[in-house]
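This report describes the fold of a single protein chain for a reader who is new to structural biology. Please keep the sequence and the three-dimensional view at hand while reading.

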Amino acid sequence: MELRTATPEQLRMVFRRDMLTAFPEAELKPLAAMERLWAEGWYRPYCLFDGDEIVGEAFLWLGHPGWAIVDYLCVSAGRRNDGLGGEILRLLQQAEPGTVLFGEAEAPEHAPDPVMAQRRLGFYARCGLRTAGYDTAMFGVHYKTLYLFDGEVDEAQLMREHTFIYQNTFDPEKFAKYVRIPYNGEPLAKVAWDQ
């Protein structure tokens, strides 16, 4: 198994093959947004190769050096339950040494499928991710904040870096309307990422 940066063609292929079927519309940013962020130097799509076959992917949304959101982690439908998700996370830590990898997983209490959301959190915990002391909401979806790093992480700094990535991407009006870091529990309507 080898983790490599995707080519533009590989990104498009895995987006159509894996991402569109694995993630609900409210949680999936458009391919054009991923490509724009990548062209601007704020995104790094990785693919997990088994020989010549792509069997999974992880996309990093970059912030300041040493901080990155694991924006998406996905294993191809035919290869799920083979331990590849954990392998991708392990290889990401090797590919991005010294980087705090963090992200969001849907909070079970507001998820359409609470059991699946709880299973996802269990998977991340088994892979060594820790749950931060704050939740987030993005485009009306409530998330738990998770992070992976070999050392100690200052959660106040984590929240600042988390906020920076979204503020760096969205104009102030969009950020104020659709992003909550931390999330205070107010009800939000779910809207598509590209609103």
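Strands β6 and β7 run antiparallel and are joined by six bridges. One of the pairs involves aspartate 135, whose bridge partner in β7 is lysine 144. The two strands form a hairpin with two residues between them, and phenylalanine 139, in the turn, has a positive phi of about 55°. The model is a predicted one, and the mean pLDDT of the chain is 93, with 99% of the residues at 70 or more. Among the elements of the chain, β2 has the highest mean pLDDT, 97, while helix α6 (residues 172–178) has the lowest, 92.

**The sheet**

The hairpin described above belongs to an open sheet of eight strands. Their order is β1-β2-β3-β4-β5-β7-β6-β8, and the pairing is mixed. At the edges lie β1 (2–5) and β8 (179–180), each of which pairs on one side only. Strand β6 (residues 130–138) is joined to β8 by two bridges, and this pair runs antiparallel. Here methionine 138 has valine 179 of β8 as its bridge partner.

Two helices that pack on the sheet may be considered next. Helix α1 (residues 8–22) touches β1, β2 (43–50), β3 (53–62) and β4 (67–75). The direction of α1 makes about 90° with that of β3. Helix α4 (residues 114–126) also packs on the sheet, where it touches β4, β5 (100–106) and β7 (141–148). The direction of α4 makes about 160° with that of β5.

Strand β4 deserves separate attention. How many of its nine residues are buried? Nine of the nine are, so β4 is largely enclosed by the rest of the structure. On one side, β4 is joined to β3, and on the other side of the order stands β5. The table compares the pairings for which a bridge count and a residue pair are available.

| Strands | Bridges | Direction | A residue pair |
|---|---|---|---|
| β3 and β4 | seven | antiparallel | tryptophan 61 opposite isoleucine 69 |
| β4 and β5 | three | parallel | alanine 68 opposite leucine 101 |
| β6 and β7 | six | antiparallel | aspartate 135 and lysine 144 |
| β6 and β8 | two | antiparallel | methionine 138 and valine 179 |

Strands β3 and β4 form a hairpin too, with four residues between the strands. In this hairpin, glycine 66 takes a positive phi near 95°.

**The interior**

Phenylalanine 102 is placed in strand β5. Is this residue buried or exposed? Its relative accessible area is 1%; because the limit for a buried residue is under 20%, phenylalanine 102 counts as buried. Beyond its neighbours within four places in sequence, it is in contact with residues that include Trp67, Ile69, Leu146, Leu158 and His162. Phenylalanine 102 and lysine 190, by contrast, are 22 Å apart in space, C-alpha to C-alpha, and 88 residues apart in sequence.

Histidine 162, one of those contacts, is placed in helix α5 (residues 155–169). Its relative accessibility is 0%, so histidine 162 also counts as buried. Apart from residues up to four places away in sequence, histidine 162 touches Ile69, Phe102, Glu104, Tyr134, Thr136, Met138, Thr145 and Ile181.

The largest nonpolar core has 42 residues, and Trp61, Leu158 and Tyr166 touch the most other members. With neighbours within four places in sequence left aside, leucine 158 is in contact with Trp67, Val100, Phe102, Ala132, Tyr134, Tyr147 and Val153. Another core, of 23 residues, lies apart from the largest one. Among its members are Ala68, Leu84, Leu89 and Leu129.

**The cysteines**

How many disulfides does the model contain? The count comes to zero. Cysteine 74 is in no disulfide, and the nearest cysteine sulfur, that of cysteine 47, is 10 Å away. Cysteine 74 counts as buried, at 5% relative accessibility. Why is cysteine 127 without a bond to its closest cysteine? The sulfur of cysteine 127 is 14 Å from that of cysteine 74, which is too far for a bond, because a disulfide needs sulfur atoms within 2.5 Å. Cysteine 127 is partly exposed, with a relative accessible area of 25%.

Definitions and conventions:
Residues numbered from 1 in each chain as written. Predicted model: local features only at pLDDT ≥ 70, side-chain atom pairs only at ≥ 80, totals over all residues. Heavy atoms only, no water. Pairing = 2+ DSSP bridges. Contact = heavy atoms within 4.5 Å. Axes fitted to C-alpha atoms, helices over the stretch in contact; angles between N-to-C directions. Buried < 20%, exposed > 50% of the residue type's maximum accessible area, 1.4 Å probe, protein only. Core = buried A, V, L, I, M, F, W, Y, C linked by side-chain atoms within 4.5 Å. pLDDT = per-residue confidence, 0-100.
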